[in-house]
Amino acid sequence: MKKVVVIGSLGVIVYYLLSAFVAIPFGADIIKGVKEFYLQKSPDDLKVANVVTSIVVNFRGFDTLGEVTVLFLASTALGSILYHRRSQHSGLNPQRTSVEASAIVQTGAKIIFPFTVILGAYIFIHGHLTPGGGFQGGAIIATGFLLMLISYRKFFIKHNALTWIEAIAGSTFVILGLFGLIYAKNHDFLENFLPAGKLNDLLSGGIIGIIYIAVGFKVGAEITGILDTLLTVKETGLDPEEN
Amino acid sequence: MTNIEIILTIVSLVLLIIAGFFAVLKKDLIHAVVATSVISLVLSLMFYLLQAPDVALTEAAIGIALSTIIFIITVRNTKRFEDK
Amino acid sequence: MQEFLTYSIYGTAFFLMLLGLYAVLMKKNLVKIVIGLTVLDSGLNLLFVAVGYISGGTAPIFSPAVVGKHVIMTDPVPQALVLTAIVIGFGVTAVALALVVRLYRKHNTTNIDEIKNLKW
Amino acid sequence: MVITDPVYFIALPLLTAFLLPLFGKIYKPLIGIIPGLVFAFLAYISFDLYLNLVPGKPIIIQMAGWAPPWGINLVFSEFSGLIVTLITFLAFLVWVYSYNFKKVGFDNSKKYFTLLMLMVAGSIGVVLTGDIFNMFVFLEITAIYSYGLTAFYKGRDSAEAAFKYLLLGSLSSVFILLAILLLYKQVGTLNMADIAVKAQSIDPKMKSIIAILFFVGLGIEAEMFPMNGWVPDAYSQAPGPVAASFAGMLAKSGIYALIRVFYTVLEVKGVFDLLLIMGLLTIIFAEFSAMRQKHLRRMLAYSSIGQMGLIMVAFSFNTKAGIFAGLFLMFNHAIIKTLLFLSSGFLTYSTKQKKIRDLDGFGKIMPFTSLMFGLGAFAIVGLPPFSGFWGKLNMLVATADSNLYFVIALILLVAVVEIVYYFKVIGRLYFRQQHKDVEVHNPTWNAILAMSILAIVIIGVGIYPDLITDYLTKATNELFDKAGYIHSVLPNLSLN
Amino acid sequence: MNSLVLLILIIAGGALLSYFGHKINKILGNITVFAVALIIPIYWFTQVDFTETVSFTVSGFHMELGYNMYGKLFSMIVMILSPLALIYAIGYMKDQKKLATFYFSFLFSILGMTGILMSRDFVSLFIFWEIMTWSSYLLVIFLGKDVQKTGIKYMVFSAIGAYAMLMAIVIIYKNTGSMMLSDYFGSFAGFTLQTKLLTGILLLLGFAVKSAVMPLHVWAPGAYSNTPMAYTSVFSGALSKMGIYGLGFVVVNLFAQANLEIVGYVLAWMGAITAVLATFSAVFQHDAKKLLAYSSIAQLGYIVTGIGIGTELSIMAGLYLAVLHAAFKGVLFMVVGAVERQAGTTDMNVVSGLARKMPFTFFTALIAIIALAGIPPLGGFVGKWMLYESLINNSNFLMVIMIFLSSTAAFLYCFKFLFGLFLGQQEPEFDHVKEASPVMIIPMLLLSVFLLVTGAYPGIVFKYVAEGMTNLGFHDVNWQMSVLTNAWGDSVNVQHVYLSVVVVFVAFLIFITWRGYKHSTKISTKDISSSGEMIKPEDNMTYAMDFYKPFQRVLQPILKWKINKYYEDFGKGLEALFDFMRRIYTGNGQTYAVYVIIFLAILLIFSKSIFGY
């Protein structure tokens, strides 16, 4: 009964929505709007080659601030959801896995790890020139740490360091934005107040590159934090408060 | 779109559907998680074909690697198999 | 051809969303429900990017190769939105899975039908 | 303009939230103090900005130096400013209340205050933003905040409540995203004023589908009838001040988004009739369910849904009187429900089951908290001389204005039900013998301060409602004047 | 400062002062209450300027306060009865706890009543009405007896009434654009019949609840008997008159003048039926409080009938009875309160023969009962006589029969009340009973004196009644021409006749009582001879036991029909419905998600008809 109702409803929804979507055919260039402006202003005014980056960091930079906040919120919320009093486990180190990974994995991880981090850093440093940026770079760095976390039982991330990175990177974003209120031409939040440079130069785009680097650090730190929290949960057993 | 791209697109679409079925219907959750990972992988390819390299990179980093790993951690912390 | 691609790509995106929704609505396993949510998000992301695509367009990057030439570029706005959507989706998934772990510890089950202490 | 800029409403809480862990490392008590300073400052600038607002000239802040259709903008108008002022005021009070709410340990209070800061930033962002996708991002922030803080307590069924909310919240975000995508596909812009201009040319069928998607997506956040199953669970499982923030701030931003979209952005014929019907159904189901609740918090939660339904009905008239009444109800609901949740936090603190029947005779052992609860109950059912009465009266006048006599009868009928369940609780609190072995947790001085301020506002507005009616009228005019909104956001529209 | 505003402020300030006074110390609190009880009536009688008005605009609604003569008449009831009841309460509530709440609510209900009577617009009328309602609710549940049942019942009926009124107010506002009563009365003739009936009947409903007209009376017995008696005297005496006040102006000012007397007739009939049924219910009560409660309902029934008929004489009768009812019911509830406090119970099957122990109480009760029963020398008789006459003049013979039946049957419960509590055999367990404290006796005596005086000089009351009736459209009512005077001609000084009758009657009564006691022999009620049947110790042979058993058997079929039960069944049905409705919140998060999807699908399917594209 439930199945019939659900599938029927889903069918109705998909039918209506699909019929709405196919009204404008795939690949047709009929939307006139803000995108023309972005495609023109990004290389001309901001000197940022990657238009997506200029949208993400500048035109719609406020969204990105929100987005970084969402990740930060998720990692904090995760901490509060899976929080357990450390005092109960003090003395013995919480362990992530019961078995060590094989030597091959460990060695491989050790070799790959620095490269992953460098790749991530490269991606967010070149965020305004090539595809990718802070999110992608940060995620890749986090992947590197993930590799280490799952291969080594005793690889612990310094929470202090994570906290500092998160705090400094996040506040850099906001403070750079607030600087815009003082130094920039229109006195707007997140407005570029540095020289724009030349298109396709590494040092172009003013604060866009700096913000994306901050985003990269923050995203990397937060995702690493999330993974660490989730991984540490294992083996700590049932919380006495639970039942 | 060139013809090769179109063919690749269609193959990807078919793969997406198959992987989607696997993800939803598999009783073994690890398999289902791997299937979602495959969805992300194919999706990443699709994004590249649709001239969205930024999104492709994001999907690759987050969808393929990170999402999958947090799913696997969760499955290890709970039960591997779906109940009947 | 364009019509075929329209239907097939949009159709696939919607099919993924449908599968995801089906899992969310019908599957009893909590992890499966969260998997359904990610599949749903995947379909949505595909839809976003597909909508932004313009035939013959290149990626919206003014690399040295295209500077100064007249090129058609795909719509960058949906791509920027999808970036945001993916990251938000990841955040929500992480929180959801943490909740699943909590629920499993409390109820010792992952069947959503057995987790209804709060009702009426 | 530098010291009082609306951007601080979002930038400052975010900055503080990012830096809070560092403050904690420097000196632990800062974790409690810094948020208070920030909230106080926000409340100050919101009052300052709001009181100095020139009618018809909202403060428009553009982001990153790009004028509205291209960049994201914030609109601090009479309407959004009113809600922001309300939110900052309540946020400050919630901080005062929870400054030492429970000794949960250092790590947890850090997370609590961080999440609270982010939620304030999120719900203010929803209200202030002039961009539809930005609104979605901020809605998502508030949603994740709720998931996190609903599951804050370990011993309860809080994870279950959070998971339910998460399930519905995810669906909500999917529908909102679909609607935004469809809208973008039609008009090629994401700015609300710009959409409002261009939306006239959208095919009506397409427009109706977009409207439905927004309706459902935002309806989940605004606690609309068939989609509000998460509300009672989340409200009853979250810590007291968090439930207060749900009722006072989160629900407000949800209903604000709904109103803004349908009043300003999308002009769709018939959506208001739908809102009326759904609002009435929301009221009926919620209040009737509240009537039979045995848990105090669940009862309050259902009552809260009922109030939201009433607000929806008020806004569905699409008249100035209706909007005015709706704003009055929003104000009342925010203030009174916050008081009720805050006082219920202490009332149920020492009871294990959190049931209403555990509260017998609490009037004697916890006189202040019970008094506050009783006052809130009197106010929320609309008894004079408390502020709830004026909201109800204006609401009914607006209903009669739209010739909907059966709606008046229905609202009043439901009000009788409301009276029954609130007065049952009051009867138990004051006129029953208390159970044996009750632990007493008398409120701390800061909780007393927070509740007293709310009580004073309730009585003050009840005796002299003109304290706020002026502002409400201005806000009404702003919301009703769609052309004015568009013009102030896009001043050189003709060039476009 | 405006004297009306000051009056309100004095009462509100008095309420707060008594609250805090009692919070600090009982003695200080009592002194405050006493002072407040003196200041309010003194201020009202000496300082209030009845021609003054004050108006202000709040939240866009124009509000105006100002007395008219009709309101002043009712205000007088409030201002005389409530301070006496307050003073009585000082004695009566001596041993209770939570006195701060008690006096706070008490004074706020006085505030509400005072405000109602000076409101010239609907908003302030409603505000004060609600203040009166919630403060009296707090007093109904004050003793914690039957909180969930009686209290909620009272609040539900009050809320239904108040909200009916609110709905009427809102519709009126929509039609006239003004909240003023005078604008409503002025433009009533121009309304459509539908609006006339809708607004008028909703207003009537609101007022009828407070005056306990038949199908809406079920809250009254419980509420009257569960409230502390000190307040019940105000509750039944003054607060219920607020309903009468409203009924008066709605029926007379509106319907009678719009050629819709039919509404008044229906109301009169309802009043008559109320009187009959409530009287019979009162006869068979064994708890004195309940008996008085039903008696109150019956008396209000007469008044409603009088108002409903809507002729000059009948309204005069109704208003006169309203004033008298306030006095004698005020006394009677105080009497019951005194008995309850001194003897510990008011069950007439248990307590009896208190006349000697509590002589002053007995005396006041006697006076009040005479007034209530309408036995000639005292005022009740005049009122009833006028009511009969007005009914006969209107040829409502059936109604006359009903009223007559009811007032005859009223003798039965009056008799039972007097005998049950005060006469008959005194049980040994009540030997310790003493007379109530002077604080309680003095208000009762004052009210009895008032009754005696009005019995002798009904003109004192009629003067104000006639004044009040000018606001109902009856100008220059010749109040001197009351019925008895008319029959005997103007040459006789009626007052002297009254006075001599009263003196003779009272003297005779005292003589009879005294003699009766002197010559009786004392036997215990437990001293029973039976023919072989075992008498168990719990067998109660008190005088009042099974007082009207044969009667009860005859009337059983009528009395079995209890409207209360229907309400309760209705309430239970609603609760079951609510329980059923809330099942949609199944607790399963997935189900909620399914609701969302189904809702979306339904909206999409009906999008065409909803959005009309």
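Let's start with a single residue: C:Asn108 is partly exposed, because 13 other C-beta atoms lie within 10 Å of its own, and a residue counts as buried from 20 such neighbours and as exposed at 12 or fewer. Its backbone is worth a look too, since C:Asn108 has a positive phi of about 55° although it is not a glycine. You will find C:Asn108 in the segment after helix H3 (76–107) of chain C. Please keep in mind throughout that this is a predicted model.

Chain E offers a companion case. Phi of E:Ala212 is near 55°, again a positive value in a residue other than glycine. Follow the chain to the loop between helix H8 (193–210) and helix H9 (219–226) of chain E, and there is E:Ala212. Is E:Ala212 buried or exposed? With 29 other C-beta atoms within 10 Å, E:Ala212 is buried.

One more backbone detail sits in chain D, where a cis peptide bond joins D:Pro384 and D:Pro385, with omega at about 0°. D:Pro385 belongs to the loop between helix H15 (367–380) and helix H16 (387–401) of chain D.

Now step back and take in chain D as a whole. Chain D is built with 20 helices and two strands. Along the principal axes, the C-alpha atoms of chain D fill a box of roughly 75 × 60 × 40 Å. For 496 residues, a compact globule would have a radius of gyration near 23 Å, and the 22 Å of chain D agrees with that. Of those 496 residues, 73% are buried. Contacts that reach along the sequence tell a further part of the story: among contacts in chain D with a separation of 6 or more, 80% involve residues 24 or more positions apart.

Chain E can be read in the same manner. Chain E has 24 helices and two strands. Its radius of gyration is 26 Å, close to the 25 Å that the globule rule gives for 613 residues, so chain E is as compact as a globular protein of that length. The C-alpha atoms of chain E occupy a box of roughly 95 × 65 × 55 Å along the principal axes. Buried residues account for 56% of the 613 residues of chain E. When contacts in chain E between residues at least 6 apart in sequence are considered, 79% join residues at least 24 apart.

Let's zoom in on one helix pair inside chain E. Two packed helices are described by the angle between their axes and the distance between the axes. Helix H4 (residues 99–118) of chain E and H5(E) pack at an angle of about 155°, and their axes are 8 Å apart. Angles over 145 degrees count as roughly antiparallel, so H4(E) is roughly antiparallel to H5(E). The crossing of H4(E) past H5(E) is left-handed. On the H4(E) side, the residues that meet H5(E) include E:Phe106, E:Phe108, E:Leu111 and E:Met113. Among their counterparts in H5(E) are E:Leu125, E:Phe128, E:Trp129 and E:Met132. By class, the residues of this contact of H4(E) with H5(E) are twelve nonpolar, eight polar and no charged.

From there we can move outward to where chains meet. Chain E brings 46 residues into contact with 54 residues of chain D. The elements that give two or more residues to this side of chain E are helix H5 (122–140), helix H6 (147–176), helix H22 (563–581), helix H23 (589–605) and helix H24 (607–611) of chain E. H6(E) supplies the largest share, 15 residues. The side of chain E that touches chain D comprises 33 nonpolar, eight polar and five charged residues.

Another contact takes 45 residues from chain A and 43 residues from chain C. On the chain A side, the elements that give two or more residues are helix H1 (2–21), helix H2 (34–46), helix H3 (51–59), helix H4 (61–81) and helix H9 (207–233) of chain A. H4(A) gives the most, with eight residues. This side of chain A has 33 nonpolar, four polar and eight charged residues. As for H3(A), nine of its nine residues are buried, including A:Val51, A:Ile55 and A:Phe59.

Finally, some chains do not touch. No contact joins chain B and chain D, and their closest C-alpha atoms lie 15 Å apart. Chain B and chain E do not touch either, with their nearest C-alpha atoms 16 Å apart.

Notes
Residues numbered from 1 in each chain as written. Chains lettered and ligands numbered in written order. Predicted model: local features only at pLDDT ≥ 70, side-chain atom pairs only at ≥ 80, totals over all residues. Contact = placed C-beta atoms within 7 Å. Helix = DSSP H or I, 4+ residues; strand = E, 2+ residues; numbered from the N terminus. Nonpolar A, V, L, I, M, F, W, Y, C, P; charged D, E, K, R; others polar. Axes fitted to C-alpha atoms, helices over the stretch in contact; angles between N-to-C directions. Parallel < 35°, antiparallel > 145°, perpendicular 65-115°, else oblique. Left-handed = near helix turned anticlockwise from the far one by under 90°. Rg over C-alpha atoms; globule rule 2.2 N^0.38 Å.
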